[in-house]
Amino acid sequence: MTSEPIMHDLTVDYYASLADGRLSVQQCGDCDHRIMYPRYRCTECFSSNLGWVDDTGEGTLHSFTIQRIGAPTEFGADGPYAVGIVKLDSGPQMLGRLWPGEDGTWDHYACDGRVVFRPADADEIAEHPAAWFATVSS
Amino acid sequence: MTATLEHALPFPEAGSAADAAFIGIGELPSGRFADRTFMGALVEVSARAIIDAGLRPRDIDTILLIPCLHGGRDQADLIFSRLVEELGLNGRAKSSMMIHSGGSTSDSATRVAAGLIASGQAHNVLIAQADRWGSAPVTDMVDMLSGFGIPREWEVPAGVTFNAVGGLITRRYMHASGSTPEEMASICVALRDWARLNPNAMFKDKELTVERVLASKMVADPVHAMECPMLADGAVALVMTSATQARRSKDAWVRIAGSGGTVSHYSLGQEADLAVMNWPRAGVEAYEQAGWGPEEVDVAQVYDSYAAVVAQGLEGLGLAPFGEAARQFAAGRFSPGGELPTNTNGGLLSAGHTGVGGGTALLAEGVRQLLGRAEGARQVDGAARAVIGGTGGTYMDSQVMLLERVTR
Ligand SMILES: [Zn+2]
């Protein structure tokens, strides 16, 4: 089962970038402010002249958790999975998924640790359009 | 001139006609009551609060409804004035309306009531809440909670759930404060100790230990199953009026000395600091208005759907040093017999999470303490000043009401 598809002018571009292995963040054409999640107007100068820019996806992990019991039924998760809040070096912050390590755990993550965007494949993005992050060394 | 916040407006003086007063409360036990109907519970607590206030139903001119979360039909009944009709107020009530800001609704409703009373647009206001959250199908409620307050385009696809929200906050709080799992679990135990003194609490008969909390399954690291709130049925109502009316019918009542608040996010992913939220700013505003500070607080009732939520609330409101609330819980400071009795009804974690009603129950408990009417050992001797802290959504706001006891 897939999440309810919600496609509109903001999600179409963002989801397409994720499926293409890129992390696009919104940028204001008037004041250069970077915005995540994407908005209808710039939250800094209120301009509607908004576009997209590819982000390096580097940042620090503000917090994270491993969802073990009680995932939403429509999400269709079999095992545990991790989500985290990432403060991107470019300014905005966002919530995404975290890759497990080779041992299948998330023990190598820590609050304020360095993480980087590491995309999921297009099939996974079609199912769950989320940005995935990994620790810098893994 | 003393320094004031630039947006601070003159606040009604104690005892003036514009000063709002709590004069009645009504509550039913929280828990699972499959045979208790929603409307029956709502009418019962409303009747109890009105009688407690020394009023007749026909004296109520305005009803402020706290939403229910268990079902859309009952919610629609509330919005479309069913309670007016059930109380026989049709043709008499001036208005009946729903106020909704999730878990902080009771703070919002109190502000609306106070404003209506101060401006002469309402005389006697009934604030009423009921929910059947404990009797509703658990899967439906979990799915609902995972879809509300979490951006459907940006975060639902990542699989965020409500317990994941609790996990994210708790992880950051523990990182920032250096609190241990034992210290976090001790918060749940302290609240359970209070619940065991409250005849209306869901878990009034079940003892809890740190060992049992930590032995329960991990739900969303670092939050264990017994650190998650249990959904419950519940109902609570309050009556507010002007100090002028309160003086006519009561020897003692409760006034709002100050209030403050900050809305900090919609999406938890946008919150700047999950360990702090926006409690400090909200507290400064409220204390400034009240003219008294955290050191003068006798009892605190701060939203506690997860242990970290009440810990950061107490810290941000100046009731514990930053990073120390969990350790002070472990040392007994907020427990029965402790220096600062906190969440004396057992809080959401042990009295029961009654949906939007969890915050309303904390507010009612604060009023009850100041009226000196908590049962037995739960009553805090000489309680004259209370802090109420509320938050809604994914902890989207930090709302503070400072209450004080007034005698005729
Ligand atoms: Zn701009």
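I began by fixing the term: a salt bridge is a side-chain nitrogen of Lys or Arg within 4 Å of a carboxyl oxygen of Asp or Glu. The model I am reading is predicted, and by this rule I find 24 salt bridges over all chains.

**Entry: charged pairs**

I looked up R34(A) and found its salt-bridge partner to be D55(A), with the closest N and O atoms 3.0 Å apart. Since R34(A) sits in strand β2 (residues 34-35) of chain A while D55(A) belongs to the loop between β3 (50-54) and β4 (58-67) of chain A, the pair ties together parts that are 21 residues apart in sequence. I noted the accessibilities separately: R34(A) is partly exposed, its relative accessible area being 23%, whereas D55(A) is buried at 9%.

Turning to chain B, I recorded a salt bridge between the side chains of D59(B) and R56(B), at 3.0 Å from N to O. For D59(B) the relative accessible area is 22%, and I therefore entered this residue as partly exposed, buried being under 20%.

I then checked E375(B) and R378(B), whose side chains meet in a salt bridge at 2.4 Å, N to O. E375(B) is partly exposed, with a relative accessible area of 34%, but R378(B) is buried, with a value of 1%.

I also wrote down a network of salt bridges that links D19(B), R255(B), E296(B), R385(B) and E404(B). As a general remark, side chains of opposite charge can pair when their charged atoms come close.

**Entry: the zinc ion**

Which protein atoms are the donors of the zinc ion? I found the SG atoms of C28(A), C31(A), C42(A) and C45(A), lying 2.3 Å from the ion. Along the chain, these donors follow the spacing C-x2-C-x10-C-x2-C.

I next asked why the arrangement of the 4 donor atoms counts as it does. The angles they subtend around the zinc ion run from 104 to 114°, and the arrangement is therefore tetrahedral, because the rule asks that all angles for four donors lie between 85 and 135 degrees. For reference, the ideal angle for four tetrahedral donors is 109.5 degrees.

Are C28(A) and C31(A) buried or partly exposed? I have C28(A) as buried, at 1% relative accessibility, and C31(A) as partly exposed, with a relative accessible area of 33%.

**Entry: W99(A)**

I located W99(A) in the loop between β6 (93-98) and β7 (114-117) of chain A, and at 22% relative accessibility this residue counts as partly exposed. Not counting residues up to four places away in sequence, W99(A) touches W106(A), H108(A), Y109(A), R118(A), P119(A), A120(A), W132(A), F133(A) and A134(A). With R118(A) I could be more specific, for the side chain of W99(A) reaches the backbone oxygen of that residue at 2.6 Å. I also took the C-alpha to C-alpha distance from W99(A) to D54(A), which is 21 Å for a separation of 45 residues in sequence.

**Entry: nonpolar cores**

I looked for the largest nonpolar core and found that it has 106 residues, those with the most contacts inside it being F22(B), I187(B), L319(B), V367(B), Y395(B), L402(B) and L403(B). A second, separate core has 31 residues, including I23(B), F38(B), L89(B) and A243(B).

I followed Y395(B) further: leaving aside neighbours within four places in sequence, Y395(B) is in contact with residues including F162(B), V165(B), I169(B), M277(B), Y303(B), Y306(B) and V309(B), and its contacts also take in S264(B), H265(B) and S305(B).

Notes
Residues are numbered from 1 along each chain as its sequence is written. Chains are lettered from A and ligands numbered from 1 in the order in which they are written. This is a predicted model: local features need pLDDT of at least 70, side-chain atom pairs count only at pLDDT 80 or more; totals for chains, interfaces and linings use all residues. Side-chain values use heavy atoms; hydrogens and water are left out. Donors are N, O and S atoms within 2.8 Å of the metal (3.2 Å for Na, K and Ca); water is not among the atoms, so sites may look incomplete. Four donors count as tetrahedral if all angles lie between 85 and 135 degrees; four count as square planar and six as octahedral if opposite donors are over 155 degrees apart and all others between 65 and 115; anything else is irregular. Buried means under 20% relative accessible area, exposed over 50%, partly exposed in between (1.4 Å probe, protein chains only). Helices (H or I, at least four residues) and strands (E, at least two) are DSSP runs, numbered from the N terminus. A nonpolar core is a set of buried Ala, Val, Leu, Ile, Met, Phe, Trp, Tyr and Cys residues joined through side-chain atoms within 4.5 Å. Contact means heavy atoms within 4.5 Å. A polar contact is a pair of N or O atoms within 3.5 Å; within protein, one must be able to donate a hydrogen and the other to accept it, and residues adjacent in sequence count only if both atoms are side-chain atoms.
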